Amino acid sequence: MKIILWATLTANGNYAQSSPEHPPKAEAQNDFVAQATAAGNFIIGRRTFEAAQASGGGDFGNLDIVVLSASGKEIPGVKVAHSPREALDYLREKGYAAALLSGGADLHNAFFAQGLVDEIIFNVAPVLEGKGLNLLLNQEHYQYKDVQLLECKSLGGGVVQLHYAVNIA
Ligand SMILES: NC(=O)c1ccc[n+]([C@@H]2O[C@H](COP(=O)([O-])OP(=O)(O)OC[C@H]3O[C@@H](n4cnc5c(N)ncnc54)[C@H](OP(=O)(O)O)[C@@H]3O)[C@@H](O)[C@H]2O)c1
């Protein structure tokens, strides 16, 4: 099963944050729906999931949603996984060809730290941000890794999509 990290970055390279005042760009949001629909699932951090629910988002029809939460409270209608590997095992057992990692930053960094990312889809939004969040291969040590650009395209509205392969043979 291919593990695909999907994230929006700001034009100055931060991991983009959204809020009611600064919602995600429609083109990036539509792309997320398309990627999640293609995968049939997505894995989401507990904080991002709760924020999406609070803002009235989160109607994803028949998609399999896995919420990552160490505390492990049950949430009606979704699978709660206690670790990245448990989330992936759940989707693998259901026969999915791909798992989509939808964020937020803690979730993405947890999968990076365990080497559990095969491809990355970055949508670079035409915004600049002050102090922000970062995607980190490793939270403690310096690391450097080449990735392979698979595709680069415009999604419209100034959003540019970069698609990379991570585990190059
Ligand atoms: N740029 C983008 O594409 C994008 C996408 C989504 C969200 N965001 C932004 O990201 C921010 C929210 O992200 P966040 O980093 O605060 O939270 P998050 O990643 O959505 O959720 C964090 C929670 O996930 C659980 N978790 C994380 N790592 C885990 C692990 N290894 N094992 C088990 N559970 C784990 C923990 O839940 P428990 O506390 O329940 O244990 C943790 O508190 C917001 O600013 C939002 O706007 C950006």
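The following paragraphs describe the pockets, the ligand site and the cavity of this structure, which is a predicted model.

The ligand is a natural starting point. The space that the ligand takes is the largest pocket, whose volume is about 1500 Å³. This largest pocket is lined by 44 residues, and those closest to its centre are Ala16, Gln17, Ser18, Pro24 and Thr48. Several secondary-structure elements take part in the lining: strand S1 (2-10), helix H1 (26-39), strand S2 (41-45), helix H2 (46-54) and helix H4 (105-113) each contribute at least two residues. Helix H2 gives the largest share of this lining, with seven residues. In terms of residue class, the lining of the largest pocket consists of 23 nonpolar, 16 polar and five charged residues.

The shell around the ligand can be described in a similar way. There are 25 residues around the ligand, and Thr8, Arg46, Thr48, Ser69 and Asp106 come nearest. Thr48 is thus named among the residues nearest to the ligand and also among those closest to the centre of the largest pocket. At least two residues of the shell come from each of S1, H2 and H4. Here the largest share belongs to H4, which supplies four residues, while in the lining of the largest pocket the largest share comes from H2. The shell has eleven nonpolar, eleven polar and three charged residues.

Polar backbone atoms of the protein lie beside oxygen atoms of the ligand at several positions. At threonine 8, a polar backbone atom is 2.8 Å from a ligand oxygen atom. At glycine 104, the corresponding separation between a polar backbone atom and an oxygen atom of the ligand is 3.1 Å, and at alanine 105 it is 3.3 Å. On its own the ligand has 940 Å² of accessible area, of which the protein covers 81%.

Glycine 104 also deserves attention for its backbone. This residue lies in the loop between strand S5 (98-101) and H4. The peptide bond that leads from glycine 103 to glycine 104 is cis, and its omega is near 5 degrees. Glycine 104 therefore combines two features: a cis peptide bond on the side of glycine 103 and, by the 3.5 Å limit for a polar contact, a backbone contact with the ligand at 3.1 Å.

Beyond the ligand site, the second largest pocket holds about 210 Å³ of space. Its lining is made up of Leu9, Gly13, Asn14, Tyr15, Phe112, Ile120, Phe122, Asn134, Leu135, Leu136 and Leu137. Eight of the residues that line the second largest pocket are nonpolar and three are polar, with no charged residue present.

Enclosed space remains to be considered. Searching the whole structure gives one cavity of 30 Å³ or more, and the space in this largest cavity is about 30 Å³. The residues that line the cavity are Arg46, Glu50, Ser69, Ser71, Lys73 and Ile75. Of these residues, three are charged, two are polar and one is nonpolar. Arg46 and Ser69 belong to the lining of the cavity and are also among the residues that come nearest to the ligand.

Terms used. Residues are numbered from 1 along each chain as its sequence is written. This is a predicted model: local features need pLDDT of at least 70, side-chain atom pairs count only at pLDDT 80 or more; totals for chains, interfaces and linings use all residues. Side-chain values use heavy atoms; hydrogens and water are left out. On a 1 Å grid over the protein atoms alone, a cavity is a set of points where a 1.4 Å probe fits but cannot get out, and a pocket is an open set with protein on both sides within 12 Å along at least five of seven lines; lining residues have an atom within 4 Å of a point. Grid points are joined across faces, edges and corners, and a volume is the space filled by probe spheres set on the points. Ala, Val, Leu, Ile, Met, Phe, Trp, Tyr, Cys and Pro count as nonpolar, Asp, Glu, Lys and Arg as charged, and the others, Gly among them, as polar. A residue is near a molecule or strand if one of its heavy atoms lies within 4 Å of it. A polar contact is a pair of N or O atoms within 3.5 Å; within protein, one must be able to donate a hydrogen and the other to accept it, and residues adjacent in sequence count only if both atoms are side-chain atoms. Accessible areas come from the Shrake-Rupley method with a 1.4 Å probe; for residues, only the protein chains shown count as cover. A molecule sits in a cavity or pocket if more than half of its atoms lie within 2 Å of its grid points.
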